[in-house]
Amino acid sequence: MKNVIEEYLCIDVRRFLGENLLVPGNFFTWQRMCGNESLDKVAVQVNAEALTLFYKKQTQSVMLVATPCHFGGYRYWFRCCCGKRVATLYAGDSRFACRRCLNLNYQTQHQERHERLAKKAHGTRDSLDWPRGFSNGTGPKPKGMHWRTFERLSVKAENAVEQCNIAARARFPNYDGFG
Ligand SMILES: [Zn+2]
């Protein structure tokens, strides 16, 4: 199973250039944010022909490669450890690498994610003997089930629907929920 690319800290040579960060001697921190919260970050030291990345107590050197453009000027790339020239590298467990090296997929995966979550939600509703459609809302406690089990599963079922809605909204911007 592939991982969702949007969930990884990513460095993009075009953004670095656009923000004028690739100046030798420059040192900056790059973060993946969720609202005001920093989810992951890397410190970047810019050298003449390479970047030094400080990530999770690891130090990694990434070569910068320039290729001439048709109409003058240069296009810049990172050199992944696999040898490929890429514009973006993603944070693996401890090292940055290209999306092929890390086996990452683009957002078509969101659909699979919301489908996976829907499956989970259905499974929980099944164990409660509730009808599958989310719009049916919560149901009664099945005969013979302990109240504590019932409460735990009810909460789980409601969380599953909520998570599913969040994933579906990320995939389909106009989506207004399963109710
Ligand atoms: Zn690679």
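The chain has four helices and 11 strands (DSSP runs numbered from the N terminus, H or I of at least four residues for helices, E of at least two for strands). Its radius of gyration is 23 Å, well over the 16 Å that the globule rule gives for 179 residues, so the chain is more spread out than a compact globule. That radius is taken over C-alpha atoms, and the rule is 2.2 Å times the number of residues to the power 0.38.

This is a predicted model, where local features need pLDDT of at least 70, side-chain atom pairs count only at pLDDT 80 or more, and totals for chains, interfaces and linings use all residues. Residues are numbered from 1 along each chain as its sequence is written.

**Exercise 1. Work out how the chain is laid out in space.**

Step 1: start with the domains. An automatic or database domain assignment divides the chain into domain 1 (3-107) and domain 2 (111-171).

Step 2: check the spacing. The C-alpha centres of domain 1 and domain 2 are 39 Å apart.

Step 3: look at the overall dimensions. Along its principal axes, the C-alpha trace spans about 70 × 35 × 30 Å.

Step 4: add burial and contacts. Buried residues come to 20% of the 179 in the chain; buried takes 20 or more other C-beta atoms within 10 Å of the residue's own, exposed takes 12 or fewer, and partly exposed is in between, with C-beta atoms placed from the backbone. Of the contacts with a separation of 6 or more, 46% are between residues 24 or more positions apart. A contact here is two C-beta atoms, placed from the backbone, within 7 Å.

**Exercise 2. Put together the sheet that contains β9.**

Step 1: find the pairs (two strands pair if DSSP finds at least two bridges between them). Strand β2 (residues 10-12) runs antiparallel to strand β9 (residues 88-91), with three bridges joining them. On to β10 (residues 96-97): β9 pairs with this strand in the antiparallel sense over two bridges.

Step 2: get the register. C10 has Y90 in β9 as its bridge partner, and I11 sits opposite L89. For β9 and β10, A91 is bridged to F96, and the hairpin between these two strands goes through four residues.

Step 3: write down the order. The three strands make an open antiparallel sheet, β2-β9-β10. Since β2 and β10 stand at the edges with a single partner strand each, one side of each is left without a neighbour in the sheet.

**Exercise 3. Trace the largest nonpolar core, then follow F96 into it.**

Step 1: pick the hubs. The core has 19 residues, and V42, L53, V62, L89, Y90, F96 and A97 touch the most other members. Membership means buried Ala, Val, Leu, Ile, Met, Phe, Trp, Tyr and Cys residues joined through C-beta atoms within 7 Å.

Step 2: see who contributes. At least two residues of this core come from each of α1 (13-18), β4 (37-46), β5 (50-55), β9 and β10.

Step 3: zoom in on F96. Skipping neighbours within four places in sequence, F96 is in contact with I11, L53, Y55, Q60, V62, L89, Y90 and A91.

Step 4: look for a second core. Apart from the largest one there's another, of 12 residues, including A118, L128, V161 and A168.

**Exercise 4. Characterise helix α4 and place V155.**

Step 1: take the length. Helix α4 (residues 147-171) has 25 residues and reaches 36 Å from first C-alpha to last, close to the 36 Å expected at 1.5 Å a residue (the expected span is 1.5 Å times one less than the number of residues).

Step 2: list the buried positions. In α4 these are A157, A160, V161, C164, N165, A167 and A168.

Step 3: turn to V155, which is in α4 too. V155 counts as exposed because it has 11 C-beta neighbours inside 10 Å. From L104, V155 is 51 residues away in sequence and 32 Å away in space, C-alpha to C-alpha.

**Exercise 5. Find residues with positive phi.**

Step 1: take the hairpin. Strand β3 (residues 27-34) is joined to β4 by eight bridges, running antiparallel, with F28 opposite V44. Two residues lie between the strands in this hairpin, where G35 has a positive phi near 65°.

Step 2: go to the non-glycines. N20, with phi near 60°, is in the loop between α1 and β3. K57, at about 65°, is in the loop between β5 and β6 (58-68).

Step 3: check exposure. N20 is exposed, with 8 other C-beta atoms within 10 Å; K57 is exposed, with 6.
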